[in-house]
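This report concerns the nonpolar cores and the aromatic contacts of a single model.

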Amino acid sequence: MAADHFETLFANSNETATFAATLGLRLLPGDVILLDGPVGAGKTHLARALIRAILLVDEDVPSPTFTLVQTYDTQNGTLWHSDLYRLTSTFEIEELGLIDAFEDAICLIEWPDRLGTLAPKTALHLTLANTADTNARILHAQWSDPKWRDRLAGLDS
């Protein structure tokens, strides 16, 4: 694995879910995952699989497209799942309390470009891309904080 990034191919949605669940078990409060990619690339699928893997009590995991934020109690601490697609200003992000959540919760953020300069420098960036095979996805992971090297060990294959 490279020191600050890797790319892998998921042949199907089950492989995406397996990656997400394994990653979820390794997350701690203060970890921020920025999920990027076009509509339909599998961001919400990845987020749901990650959340379900660490929930204390099995529950529905809806997309936060309209609620903007869904919170969950997990075995690893509180998790915030946010979809910022509909936001137009960083002021709206501050009003959600998301900046404070970056410090003491696990945060999964879809459409992270809306964060602008508010994006944490220590975040893990995951970008999903479609392929010619409609079932497959390419995942590109990138980070600058060295903690992610250990957290992602073995997930790049």
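Rings of Phe, Tyr and Trp, the last by its six-membered ring, are counted as a pair if their centres lie within 6.5 Å. In this predicted model, the structure holds 3 aromatic pairs. Two of them are listed below.

| Pair | Centre to centre | Angle between planes | Class |
|---|---|---|---|
| F6 and W143 | 6.2 Å | 65 degrees | edge-to-face |
| F10 and F19 | 5.4 Å | 50 degrees | tilted |

Planes over 60 degrees apart count as edge-to-face, and F6 and W143 are therefore placed in that class by their 65 degrees. This pair joins distant parts of the chain, with F6 in strand 1 and W143 in the loop between strand 7 and helix 5 (147–151), 137 residues apart. F6 is buried at a relative accessible area of 6%, and W143 is buried at 4%. In the tilted pair, F10 is buried at 4% relative accessibility, and F19 is likewise buried at 4%.

F19 also belongs to the largest nonpolar core, which has 31 residues; F19, L23, I33, L124 and L126 touch the most other members. Elements giving two or more residues to this core include strand 1 (5–10), helix 1 (13–25), strand 2 (32–36) and strand 6 (124–130). Helix 2 gives the most, with 6 residues. Beyond its neighbours within four places in sequence, L23 is in contact with I33, L50, L124, L126, L152 and L155. A second, separate core comprises 18 residues, among them V69, I93, F102 and L115.

A further ring contact involves a charge: R151 lies over the face of W148, 5.5 Å from the ring centre.

Key: Residues numbered from 1 in each chain as written. Predicted model: local features only at pLDDT ≥ 70, side-chain atom pairs only at ≥ 80, totals over all residues. Heavy atoms only, no water. Core = buried A, V, L, I, M, F, W, Y, C linked by side-chain atoms within 4.5 Å. Buried < 20%, exposed > 50% of the residue type's maximum accessible area, 1.4 Å probe, protein only. Helix = DSSP H or I, 4+ residues; strand = E, 2+ residues; numbered from the N terminus. Contact = heavy atoms within 4.5 Å. Phe/Tyr/Trp six-rings, centres within 6.5 Å; stacked < 30°, edge-to-face > 60°. Lys NZ or Arg CZ within 6 Å of the ring centre and 35° of its normal.
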